[in-house]
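Me: I am new to this structure and would like a close look at a single part of it, together with enough of the surroundings to place that part. Please take your time over the answer.

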Amino acid sequence: MITGKAEVRCPFCNKSGIVAFYKPPHREPSSSRISGKSVTKQIMKDESYHIQSDCPNCGAKKKDIQAWYNGSFVELRTHEERLERLKKRGLPLILGT
Ligand SMILES: [Zn+2]
């Protein structure tokens, strides 16, 4: 398994420069006990990013960036999807109403 330091793009301002640790997709043994017997299965883990820094460009917090990457870590979502996602998070999109 290769885990590397990577520079990723900020989902909020679309500039790169955020330090993250990248974990590629890999199989991981997962053991479970079924009626007294231990069974080991290989489960597939998706690639993941572990954000290490705030955004140096727009100041987005690493936990926000991490939350974003947990949901979508390959491509930046379209504007509509992004709005939809913000709505689901319960953030107010229109102020002053
Ligand atoms: Zn940013």
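Me: What does the hairpin of β3 and β4 look like, and how many residues of strand β4 are buried?

Reply: Since this is a predicted model, it helps to begin with the whole protein, whose secondary structure comes to 2 helices and 5 strands, arranged along the sequence in the pattern β-β-β-β-β-α-α. Within that order, strand β3 covers residues 26–34 and pairs with β4 in the antiparallel sense, the two being joined over 9 bridges. At one place in this pairing I34 stands opposite K37, a residue of β4. The hairpin leaves 2 residues between its strands, and in this hairpin S35 takes a positive phi, near 40°.

As for burial, strand β4, which runs over residues 37–45, is hardly covered, since the count of buried residues among its 9 residues is 0. For the background to that count, buried residues make up 9% of the 97 residues in the protein. Turning from burial to contacts, and considering those in the protein with a separation of 6 or more, 42% are accounted for by residues 24 or more positions apart.

A word on confidence belongs with this picture: the protein averages a pLDDT of 82, and 80% of the residues score at least 70. Confidence is highest in strand β2 (residues 16–23), at a mean of 92, and lowest in helix α2 (residues 79–88), where the mean is 72. Where pLDDT is low, the predicted coordinates should not be read in detail.

Definitions and conventions
Residues are numbered from 1 along each chain as its sequence is written. This is a predicted model: local features need pLDDT of at least 70, side-chain atom pairs count only at pLDDT 80 or more; totals for chains, interfaces and linings use all residues. A residue is buried if 20 or more other C-beta atoms lie within 10 Å of its own, exposed if 12 or fewer, and partly exposed in between; C-beta atoms are placed from the backbone. Helices (H or I, at least four residues) and strands (E, at least two) are DSSP runs, numbered from the N terminus. Two strands pair if DSSP finds at least two bridges between them. Two residues are in contact if their C-beta atoms, placed from the backbone, lie within 7 Å. pLDDT is the predictor's confidence in each residue, from 0 to 100.
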